[in-house]
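Biologist: Before I take any label in this model at its word, I would like to hear the reasoning behind it. Could we go through the terms one by one?

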Amino acid sequence: FDEGYHSHDFYQFERMEELIGNAQVLVFVGTSFQVHVTAVALEHAREHAIPVYNFNTKDMLEPHVRLNVENILGECHQKL
């Protein structure tokens, strides 16, 4: 499934790149971080020091000098 997103117009990958490129913060809700699109977003956050908020029940991100992440553990319908 995770082949090149650019080869499928309906994924709107270029639109995602544009949105991430203009983002001041990234918010993830309930993702396992196992697909390419999340890796692209996280790499952009690292490169541009964009804060990341991860709302999840189990898949936490490791804060790092290059990744400013806040993990919010719990059910999204309660935390949001």
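Modeller: Let us begin with touching, since a contact here means heavy atoms within 4.5 Å. Please keep in mind throughout that this is a predicted model.

Biologist: Which residues does Thr38 touch, not counting residues up to four places away in sequence?

Modeller: With those sequence neighbours set aside, Thr38 touches Phe28, Thr31 and Phe33, and Thr38 itself has its place in helix H2.

Biologist: Why is Thr38 called buried?

Modeller: The relative accessible area of Thr38 is 6%, and buried means under 20%, so Thr38 is rightly called buried. Across the chain, buried residues make up 29% of the 80 residues.

Biologist: What is the order of the elements along the chain?

Modeller: The chain has three helices and three strands, and from the N terminus on they run α-β-α-β-β-α.

Biologist: What makes the pairing of S1 with S2 count as a pairing of strands?

Modeller: Two strands pair if there are at least two bridges between them, and S1 and S2 are joined by four bridges and run parallel, so the requirement is met. Within this pair, Phe28 stands opposite Asn54 in S2.

Biologist: How do you know that S2 and S3 pair?

Modeller: The reasoning is again that at least two bridges are needed, and five bridges join S2 to S3, which run parallel, so S2 and S3 pair. In one of these bridges, Val52 has Val69 in S3 as its partner.

Biologist: In what order do the three strands form the sheet?

Modeller: They form an open sheet in the order S1-S2-S3, with parallel pairing. S1 and S3 stand at the edges and have a single partner strand each, so one side of each is left without a neighbour in the sheet. On average, neighbouring strands of this sheet are turned by 15° against each other, direction ignored.

Biologist: Where does H2 pack, and what does H2 touch there?

Modeller: H2 packs on the sheet and touches S1 and S2, while the direction of H2 makes about 145° with that of S1. Together, S1, H2 and S2 make a right-handed β-α-β unit. As for S1 itself, which spans residues 26–29, Leu26 and Phe28 form a covered face, whereas Val27 and Val29 form an uncovered one.

Biologist: What puts the buried residues of H1 on the same side of that helix?

Modeller: The buried residues of H1 are Phe13, Met16 and Ile20. They cover an arc of only 55° around the axis, and this puts them on the same side of H1. What covers these buried residues includes S1 and H2.

Biologist: Let us turn to charged side chains. Why is the meeting of Glu18 and Arg15 called a salt bridge?

Modeller: The N to O distance between the side chains of Glu18 and Arg15 is 3.4 Å, and the cut-off is within 4 Å, so the pair qualifies as a salt bridge. Both residues lie in helix H1 (residues 13–22), three residues apart, about one turn of the helix. As a general matter, an α-helix has 3.6 residues a turn, so residues three or four places apart point the same way.

Biologist: Why is Glu18 called partly exposed?

Modeller: Glu18 has a relative accessible area of 46%, and partly exposed covers what lies between under 20% and over 50%, so the term fits Glu18. Arg15, with 41%, is partly exposed as well.

Biologist: How many salt bridges does the structure hold, and which residues do salt bridges with shared partners join into one network?

Modeller: The structure holds three salt bridges. Arg46 forms one with Glu43, the closest N and O atoms being 3.5 Å apart, and both residues lie in helix H2 (residues 36–48), three residues apart. The side chains of Arg66 and Glu43 also meet in a salt bridge, at 3.5 Å from N to O. Arg66 lies in the loop between strand S2 and strand S3 and Glu43 in helix H2, so this pair ties together parts that are 23 residues apart in sequence. Through shared partners, salt bridges join Glu43, Arg46 and Arg66 into one network.

Note on methods. Residues are numbered from 1 along each chain as its sequence is written. This is a predicted model: local features need pLDDT of at least 70, side-chain atom pairs count only at pLDDT 80 or more; totals for chains, interfaces and linings use all residues. Side-chain values use heavy atoms; hydrogens and water are left out. Helices (H or I, at least four residues) and strands (E, at least two) are DSSP runs, numbered from the N terminus. Buried means under 20% relative accessible area, exposed over 50%, partly exposed in between (1.4 Å probe, protein chains only). A crossover is right-handed if, with the strands pointing away from the viewer, the path from the first strand over the helix to the second runs clockwise. Axes are lines fitted to C-alpha atoms, for helices over the stretch in contact, and angles run from 0 to 180 degrees between N-to-C directions. The arc is that of the directions from the helix axis to the C-beta atoms.
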